[in-house]
Amino acid sequence: MDESKPYPGPTQFSGHYYQMTPKHHGVGGPSASRWDVSPDDEFRVFDTGDFYRIVDYKGKVYGVWKVGEELRSLGTFDQVVAIFYPPSPPDRWHGHPLFPVRSAAPSVMKRQRMKPSKQVLELLEVAELVTHVQRKRLAKGDHP
Amino acid sequence: MNKSPLEHGNTQLWKTLLKGREDLSWAGASAGDHGFCFGTEDGAVLWTNFDGVQYGDPLPNATLDNYDEAINGIAFNAGHMVATSRSGSAIWKNAEGKASKRKAVRIGIGSHGVVAGHDGAFNMALNVGGLMSVHESSPSHISTFTSASDAMDLNVYRTVSLTSTAGRQVVALAARFGGVAMGLYKPGDMLNLTALELPDADFIDICSTGKSNFPLAAYALTRDSHILAFQDVMTDRKPNVVHYEGIPGVAYRILAAGDFVFVLTSKALHVIYKLVECSLGYFKVIRRTPSTSFVLEAIDISLVGNKWLLVLLADGVLRLDLHELAKDLASDFEDKVSSPTDVWANPVVKVRQLDSHKSDFALVK
C-alpha cells in the first residue's frame, strides 16, 4: 500500500476517513514525528481511539497499541501514545506518534513538549487501553 | 519467586500504610528523620509518621501550576522543599508547617522528579529539556541554571548526586537511549558531562551504591534489567554489566541501601543481596549472591535512610523493613543464592564529551 494515499475504510464508530500523510512517513524530514508501524496498524490505533472516544476538549483523538499488558512503541522515537487531528473538510484525519519522545529526537520535536492531558490518560484507563498502574506512571511522566 | 506481600498482611517485614488511598503518586522521606512524605495525583503533598498516621496540614497545589498534575518528585534540602510534576514545580519554605507560615516560589518548569543535591541545591531532570539546578542564592533570590538538552542531546530521565571523599560534587544521570552521563558539579558553573553509551541500551535509572568507601560508585539500570556497576562514575569506563534472567517485566527503578540492591519491574520487586564486594580499593561484582523477589505491581519505590523501602502501589503503600529483610535473607542462605545469567566485565562502550550550555535566571521571592 502506498503510504501517501488515503486509507480505504472509515473508522467503525464515527466513520472518520484517514490519510497517512507523507510528512509522518519520512518525507517530513528529521523534524517530523514518524510512524514505525504498518499502515494497517497505524489506522488500527486511530480506529481504536475513536471507538473508545479517547478525545480531548479540542476534538483530537488519542490512541495506543496494547500488546498483552504492554504498550507497543508506535514511532521512531519510541512514542507509545499517538495523536490524531480532526480535519477541515474535505480533508481527512491524520495523526502521528506523540509521547514520550526519546533523546535522539530532533530539537523541533523536543520543543513541542506535547503530552496527553491527565483527562486523556484517564479515558485510556477507563477504556482499558492502559492499566491502572500504566496510567498512573504516564501521569508522572514515567515510562509504562 | 515469593508471593505478593499483600497476601500475608502486616508482618515484621511488611506493613501497609495509607491502605485504600488510590490518589498517591509519590512516596518518600520527609525532611529530617521523623516520618514519610507523599505526593498525590492532584498535586498535593501530605505527611505521616513511620506508621502511616497522617499529621499536619496537607499542602495543596504543591507545584503552583494550576493543572492538578500528579506529583512525581519531592526533595528536601537546607530548610526548603521542591515539589515537581510533569507540568510545573515550586520551591517551598516551611512546607511542613502551618499553612499561614508557608512561603513558596513558583519555578514553573515541569520535570521528571527532583533530588537533593549538594550545597543546598536541588537537581531536576527535565527530560529533553536537560538538567536544572535550583538553589537559594540569597535570602531574597532563588537561582536556577539549566544545562540545555539541545546541545547535550540527552533525555535526562533520572539523576543522582554523589560526593567524593575529597569533597568533589558529582552529578550522574540516566538518559533514555543516551547512556549514562556524569560530570563535576558546582551550582552556577558550567556542567561538562561525559556520556557512556551501550549500543541500543535504554537507561531508565541510576543510583548511588551506598558504599561509603566508594562514594562515587553507582548502579545504572536499563529498561531490560541490565545493571551497570560503576566503581567510580568519573573514572570507570568499563563498568561490569550484570543481567539476571529471572527478572521479568519492564524495569522501572533501581535503588541501593547497605548490602541491598532493589530492582522494581512492572511485575515484581527484586532484591539482590551483596551484589558487590567492597573493601579497601577493592570493588568486585559477586557472581553468586542471595536474592529474592516479591510479586507485586507497583508504581514506584523510594528509600528512607537505610531503614525502610517504600513501595507505592495503586491503592496504598508498602513499608519494607530492611533490618528484617537482612535477617530473612540470612536464613536458608544457600536456598536463596542465585547467579546472574551474564556478567560482562569489559563491555563495549562509546564515550563522548557533551557540549552543554547553561542559562541562569533568578526567581525573586
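Two strands are taken to pair if DSSP finds at least two bridges between them, and strands (E, at least two residues) and helices (H or I, at least four residues) are DSSP runs numbered from the N terminus. On these terms, chain B of this predicted model contains an open sheet of four strands in the order β2-β3-β4-β5, with antiparallel pairing. The edge strands of this sheet are β2 (24-29) and β5 of chain B, each of which pairs on one side only. The twist averages 20° from one strand to the next, where axes are lines fitted to C-alpha atoms, for helices over the stretch in contact, and angles run from 0 to 180 degrees between N-to-C directions.

Residues are numbered from 1 along each chain as its sequence is written, while chains are lettered from A and ligands numbered from 1 in the order in which they are written. Because the model is predicted, local features need a pLDDT of at least 70 and side-chain atom pairs count only at pLDDT 80 or more, whereas totals for chains, interfaces and linings use all residues. The predictor assigns the complex an ipTM of 0.90 and a pTM of 0.91. For chain B, the average pLDDT (the predictor's confidence in each residue, from 0 to 100) is 87, and 89% of the residues score at least 70.

Within the sheet of chain B, strand β4 (residues 45-48) and β5(B) pair in the antiparallel sense over three bridges. Thr48(B) has Gln54(B) of β5(B) as its bridge partner, and Trp47(B) is matched in the same way with Tyr55(B) of β5(B). The two strands β4(B) and β5(B) form a hairpin with five residues between them, and Gly52(B) in the turn has a positive phi of about 85°.

Positive phi values are also found beyond the hairpin, in the loop between β5 (54-59) and β6 (73-77) of chain B, where Asn61(B) lies. Most residues other than glycine have a negative phi. Phi of Asn61(B), however, is near 45°, and Leu64(B), which lies in the loop between β5 and β6 of chain B, has a positive phi of about 55° although it is not a glycine. A residue is classed as buried if 20 or more other C-beta atoms, placed from the backbone, lie within 10 Å of its own, as exposed if 12 or fewer do, and as partly exposed in between. Asn61(B) counts as partly exposed because it has 19 C-beta neighbours inside 10 Å, and Leu64(B) is partly exposed with 17 other C-beta atoms within 10 Å.

Helix α2 of chain B (residues 322-330) has Leu322(B), Leu325(B) and Leu329(B) as its buried residues. These residues cover an arc of only 50° around the axis, which puts them on the same side of α2(B); the arc is that of the directions from the helix axis to the C-beta atoms. The face of α2(B) turned away from the buried side carries the exposed residues Lys327(B) and Ala330(B). Among the elements that cover the buried residues of α2(B) are β22 (251-257), β23 (260-265) and β30 (316-321) of chain B, contact being defined by C-beta atoms, placed from the backbone, that lie within 7 Å.

The largest nonpolar core, a set of buried Ala, Val, Leu, Ile, Met, Phe, Trp, Tyr and Cys residues joined through C-beta atoms within 7 Å, has 147 residues, and those with the most contacts inside it are Ala172(B), Val180(B), Ala218(B), Tyr219(B) and Val311(B). When residues up to four places away in sequence are not counted, Tyr219(B) touches residues including Cys207(B), Ile227(B), Ile254(B) and Val261(B).

Chain A comprises four helices and five strands, which follow the pattern α-β-β-β-β-β-α-α-α along the sequence. Of its 144 residues, 46% count as buried. The buried residues of helix α3 (residues 118-126) of chain A are Val120(A), Leu121(A), Leu123(A) and Leu124(A). Seen down the axis of α3(A), these residues fall within an arc of 155° and so line one face of the helix. Their cover includes β1 (61-63) and α4 (132-140) of chain A, and α3(A) is followed by Glu128(A), whose phi is positive, near 60°. In the loop between β3 (70-71) and β4 (81-85) of chain A lies Phe77(A), which counts as buried because it has 24 C-beta neighbours inside 10 Å. The C-alpha atoms of Phe77(A) and Ser33(A) are separated by 7.8 Å, although the two residues are 44 residues apart along the chain.

Conventions: Contact = placed C-beta atoms within 7 Å.
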